[in-house]
Amino acid sequence: GVNDAPALRQADIGVAMGRSGTEVAKEAADMVLTDDDFATIEAAVEEGRGVFDNITKFIVWTLPTNMGEGLVILVAILLGTALPILPTQILWINMTTAVALGLMLAFEPKEAGIMHRPPRDPARPLLTSGLIARILLVSALLVAGSWLLFEWEQSDGAGLAEARTAAMNLLVAVELFYLFSCRSLTHSMWHVGVFSNRWIVGGVTVQALGQAAITYLPVMNDLFGTAPISGWTWLRILGVAVLASLVIAIDKRLRRQVL
């Protein structure tokens, strides 16, 4: 009622009834229950936590991938050496992975036990120190891995185009593996279920087809400066990507309590 307005204003979260409450009470409240059912608050909190989780997961995925791609170019410029990845290839990675991979995190189901968590401090930043450390770690792994494979391929007799194609595919492979890791900020991908998000499975399939096209189709080779690579090169890409994923998994396990 009208007399409740001061209390609603003073409360941390003032809740008013949407049907039976007065207009004064609804104006003073932070939350209005349109159905006058307090159980709606629980459902809203659960949905809000799920949305907040997915936004955080997307940011934690996209920041290091973009940072790593940029640092690969920057390091080459500072060292005055040949670019391991061409700018057009970076553009391809950004255009395809953001849609086929990163966007799929928006459809990630809510994690089990999401309502058993304690309340989150509103003053707590979106990216904690643990998450910032993970972002820097993944960025470093992307840069180190692409340079390692680029030099490895050239020392093995591959041409510049082939070495760049290998480095480009490695970036995508690490980003793909990291995507599954980001499905939970604290648990492994096995805990949430590898195939529980069908959108991610579909996105990974589309991305894989795109990487095959840019690697082996002549018209794509001409547009992006790529070249076909051998099966051995794909094994190297897979090996380095798996190694990077293991490092990320160990970091996640060590930092689980501080996230």
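This passage describes the nonpolar cores, helix α10 and residue D53 of a predicted model. Local features were taken at pLDDT of at least 70 and side-chain atom pairs at pLDDT 80 or more, while totals for chains, interfaces and linings use all residues. Residues are numbered from 1 along each chain as its sequence is written, and side-chain values use heavy atoms, with hydrogens and water left out.

The largest nonpolar core (buried Ala, Val, Leu, Ile, Met, Phe, Trp, Tyr and Cys residues joined through side-chain atoms within 4.5 Å) comprises 47 residues, of which W61, W92, L170, Y178 and I200 touch the most other members. Buried denotes under 20% relative accessible area, exposed over 50% and partly exposed in between, with a 1.4 Å probe and protein chains only. Helices (DSSP runs of H or I, at least four residues, numbered from the N terminus) that each supply at least two residues of this core include α3 (39–79), α5 (129–155) and α8 (198–216). The most residues, 13, come from α6. Contacts (heavy atoms within 4.5 Å) of L170, not counting residues up to four places away in sequence, are with G145, S146, L149, I237, V240 and A241. A second, separate core of 6 residues includes A5, L8, A16 and A25.

Helix α10 has 24 residues and reaches 35 Å from its first C-alpha to its last, close to the expected 34 Å (1.5 Å times one less than the number of residues). Its buried residues, among them T233, R236, I237 and D251, pack against α5 and α6.

D53 lies in helix α3 and is buried, with a relative accessible area of 10%. Not counting residues up to four places away in sequence, D53 touches E111, I114 and R117.
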